[in-house]
There are 2 protein chains.
Amino acid sequence: MSRASGAIAPLREFIVAFGRLLDSGPNEPRILSEGGALLRQLVAQGDWLPDAFAQPDPARYQQFLLHADSTERFSVVSFVWGPGQATPVHDHTVWGLIGMLRGAEYSQAYAVGSDGLARPQGEAVRLDAGDVEAVSPAIGDLHRVHNAHADRVSISIHVYGANIGAVQRHTYPAEGARKPFVSGYSNTLLPNLWDRSSEPRSTTTSA
Amino acid sequence: MSRASGAIAPLREFIVAFGRLLDSGPNEPRILSEGGALLRQLVAQGDWLPDAFAQPDPARYQQFLLHADSTERFSVVSFVWGPGQATPVHDHTVWGLIGMLRGAEYSQAYAVGSDGLARPQGEAVRLDAGDVEAVSPAIGDLHRVHNAHADRVSISIHVYGANIGAVQRHTYPAEGARKPFVSGYSNTLLPNLWDRSSEPRSTTTSA
Ligand SMILES: [Fe+3]
Ligand SMILES: [Fe+3]
Ligand SMILES: [Mg+2]
């Protein structure tokens, strides 16, 4: 318990810093560059994610909410990819930052043609541990993501400009029109990032 | 799961509304009056607190963090009092609102005399389900709280102007100087308030 509560400090510090960044009223390019730098710092540290939020599921990739902002300005989600798992082609409708924590993933951009069908655009981008990528309606919002590894788990940490699990968005089937999509979350419990009573700076009594 | 996630909506709506109130830059009297009205609404609804955050412990009262704001402007905590349980005399150092959800509690105010000892001030205030009380350095910050019931659990919902579990504050023994006090929290997991994918407004696909 002491260990877990101290170990998670990098995530708490990231969330406080990201909240302060948004308090300063930045435009989207600044959110993506300065927020991306904060996320790069976070995923450069390998040991802070509690095991409960790093567990794959054999049936599908997991989306564990780690924190949601009080007024839903942003959310932080741990994506856990089992071997070979992939998303459908999907959009976000808000800005998003993706930081690779463990393993690797490929993100293939898509664009919708005049016939309404989504088709791949350019080469897939490979993210390795420590890498950060961005999505948004302004810079390219559609992609399909898959675990680069067929034989091991990969984990990326995502930050979005909304409570992403509740956002009304879309998946894009290979044939036919886009479909409404609300992702929800895989977890009913979040980590408690906020208990500092076991950390060195504090003097705790058992009252 | 569907039920739990829908049932918790009043808490999510309270947190969003409280965040918006603080966004408007209110002074403390406005926080206590308008925030107090929001809390009164919340504790008027009886059914939203998940059972895991309503469990007493035979050894001592429980302090379950339900939500902390991204930049620690406020936190929301479920206090669960076993039969006859009580706090020590303590301060908060920040504003606090206390809303009675189930059962009843007594709050006895204290003041520090010129000898440095804390003594009771006036009559204890009884809070019954639906009642809301406030504390702060400006209006009276020291009190001792106890369950009004010797034979049943009582639960109150508290909101503070900080991440209260991490605040450096004090307890006041009957004899001798005040002692440093950091309360921490009883829980390592928080409820996920943010999943709306099972609620009626959304159209969820299983992608
Ligand atoms: Fe995505
Ligand atoms: Fe108190
Ligand atoms: Mg009364």
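What share of the 207 residues in chain A is buried? Buried residues make up 55% of them. Please keep in mind as you read on that this is a predicted model.

## Overall shape of chain A

Let us start with the fold as a whole. Chain A is built from three helices and 12 strands. Its radius of gyration is 18 Å, close to the 17 Å that the globule rule gives for 207 residues, so chain A is as compact as a globular protein of that length. Measured out along the principal axes, the C-alpha trace of chain A spans about 65 × 40 × 30 Å.

The contacts and the surface add to this picture. Among the contacts in chain A with a separation of 6 or more, 74% join residues that are 24 or more positions apart. The exposed area of chain A is about 8500 Å², and carbon and sulfur atoms supply 52% of that area.

## Aromatic rings

Aromatic rings are a good place to look next. Over all chains, the count comes to 14 aromatic pairs. One of them joins A:Phe79 and A:Trp81, with 5.7 Å from centre to centre and 35° between the planes, which makes the pair tilted. An angle under 30 degrees would have counted as stacked and one over 60 as edge-to-face, so the 35° of this pair falls in the tilted class.

Are these two residues buried or exposed? A:Phe79 has 7% relative accessibility and so counts as buried. A:Trp81 counts as buried too, because its relative accessibility is 0%. Elsewhere in chain A, ring pairs link A:Phe14, A:Phe18, A:Phe74 and A:Trp95 into a cluster.

## Arginines over tyrosine rings

Both chains offer an arginine and a tyrosine to look at here. In chain A, the charged end of A:Arg60 sits over the ring of A:Tyr61, at 4.9 Å from the ring centre. In chain B, B:Arg60 lies over the face of B:Tyr61, again with 4.9 Å to the ring centre.

## The iron site in chain B

Which residues supply the protein donors of the iron ion (ligand 2)? They are B:His90, B:His92 and B:His143, each through its NE2 atom, and they lie 2.2 Å from the ion. Along the sequence, these donor residues follow the spacing H-x1-H-x50-H.

Two of the donors can also be placed by their accessibility: B:His90 and B:His92 are both buried.

Note on methods
Residues numbered from 1 in each chain as written. Chains lettered and ligands numbered in written order. Predicted model: local features only at pLDDT ≥ 70, side-chain atom pairs only at ≥ 80, totals over all residues. Heavy atoms only, no water. Phe/Tyr/Trp six-rings, centres within 6.5 Å; stacked < 30°, edge-to-face > 60°. Buried < 20%, exposed > 50% of the residue type's maximum accessible area, 1.4 Å probe, protein only. Lys NZ or Arg CZ within 6 Å of the ring centre and 35° of its normal. Donors = N, O, S within 2.8 Å, 3.2 Å for Na, K, Ca; no water. Helix = DSSP H or I, 4+ residues; strand = E, 2+ residues; numbered from the N terminus. Rg over C-alpha atoms; globule rule 2.2 N^0.38 Å. Contact = heavy atoms within 4.5 Å. Areas by Shrake-Rupley, 256 points an atom, 1.4 Å probe, with all protein chains shown as cover.
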